[in-house]
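Me: Please take a close look at one part of this model for me. I would like to understand the surface near the DNA strand, and how the chains around it are built.

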Protein chains: 2
Amino acid sequence: MPETVLSQVAECFRLMGEPARLRILNTLRDNRELTVTQLVELTGLGQANLSKHLQLLYAAAFVSRRREGLYVWYSIADQETIELCDLMCARLDREAEPSPQASPA
Amino acid sequence: MPETVLSQVAECFRLMGEPARLRILNTLRDNRELTVTQLVELTGLGQANLSKHLQLLYAAAFVSRRREGLYVWYSIADQETIELCDLMCARLDREAEPSPQASPA
DNA sequence: CGGCAATATAACTGGTCGGTAATGTGGTCG
DNA sequence: CGACCACATTACCGACCAGTTATATTGCCG
């Protein structure tokens, strides 16, 4: 496995390893498509900060965007992005309760 | 989605978002179980550096370990960890060649 | 064209993290 | 018990990054 590929994969994971970006993705998941202003309201992030995160997510193709007049509508780019989140969440859940029959008196 | 959960998920992604750690996981994937010294040789990472990464991966339950005399044998903890890597790689591959029928003369 | 709204970018800063060198710890063997 | 080996931990430093403030760009409208 060449170093360049590893770095690319790592970069993708790193992008998802930020609470603010996960919040953006999660918000977009609940609301199919949102403008930046709507995302500012829903996530509570600052406008400049949010915009910067969106550029990163877009550059890595985690989100799509389309222009409509003054507004730019963002949405999650593909299903795999959601699957990655779900898979990681499943890991955490399983770790939280490793033995269902345990908890003795 | 509460902030605490988001941070936990982000932390997991962040841990995988480092070339050195992905190299460790990938090396462990090829060789079912390895000692720290073997990992030093195979990954080319420094011993202290490697040991630190291993502690992080172990704390997040990405790897398991067992003691055997002087040696500590490390291995990947579960299949989901591998699935996460594969899913992210698949994303990258698909992005690299978005339209198979393209490339016109 | 002038002003305004929505979004993007630039410059800056504090905090965090990866790599390394030095040291500590636990276990084995003679 | 003392030297040695495998591994872990500490302390430190340079690089990178998230957040903020200020400013620039883009597109609409009157």
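Reply: Helices, at least four residues long, and strands, at least two, are DSSP runs numbered from the N terminus. Read that way, chain A runs α-α-β-α-α-β-β-α from its N terminus. That comes to five helices and three strands. Keep in mind that this is a predicted model.

Now to the surface near DNA strand C. Three elements of chain A each supply at least two of its residues: α3 (36-43), α4 (47-59) and β3 (71-76). Chain B joins in with its own α4 (47-59), which also supplies at least two. The top contributor is α4(A), with six residues.

Which residues come nearest to DNA strand C? They are T35(A), T37(A), A48(A), A48(B) and N49(B), out of 20 residues around the strand. By type, the surface divides into nine nonpolar, eight polar and three charged residues.

Both chains take part, and their arrangement is simple to describe. A turn of 180 degrees, with a shift of 0.0 Å along the axis, lays chain A on chain B with an RMSD of 0.0 Å. The two copies are thus related as by a two-fold rotation axis. Of the interface residues of chain A, 97% are also interface residues in chain B, so the copies meet through the same surface.

Last, the chain behind this surface. Chain A has a radius of gyration of 17 Å, whereas a compact globule of 105 residues would have one near 13 Å. Its C-alpha atoms fill a box of roughly 60 × 40 × 25 Å along the principal axes. Buried residues make up 30% of chain A.

Key:
Residues are numbered from 1 along each chain as its sequence is written. Chains are lettered from A and ligands numbered from 1 in the order in which they are written. This is a predicted model: local features need pLDDT of at least 70, side-chain atom pairs count only at pLDDT 80 or more; totals for chains, interfaces and linings use all residues. Copies are superposed by least squares on the C-alpha atoms of residues with pLDDT of at least 70 in both. Two residues are in contact if their C-beta atoms, placed from the backbone, lie within 7 Å. The radius of gyration is taken over C-alpha atoms; the globule rule is 2.2 Å times the number of residues to the power 0.38. A residue is buried if 20 or more other C-beta atoms lie within 10 Å of its own, exposed if 12 or fewer, and partly exposed in between; C-beta atoms are placed from the backbone. A residue is near a molecule or strand if its C-beta atom, placed from the backbone, lies within 6 Å of it. Ala, Val, Leu, Ile, Met, Phe, Trp, Tyr, Cys and Pro count as nonpolar, Asp, Glu, Lys and Arg as charged, and the others, Gly among them, as polar.
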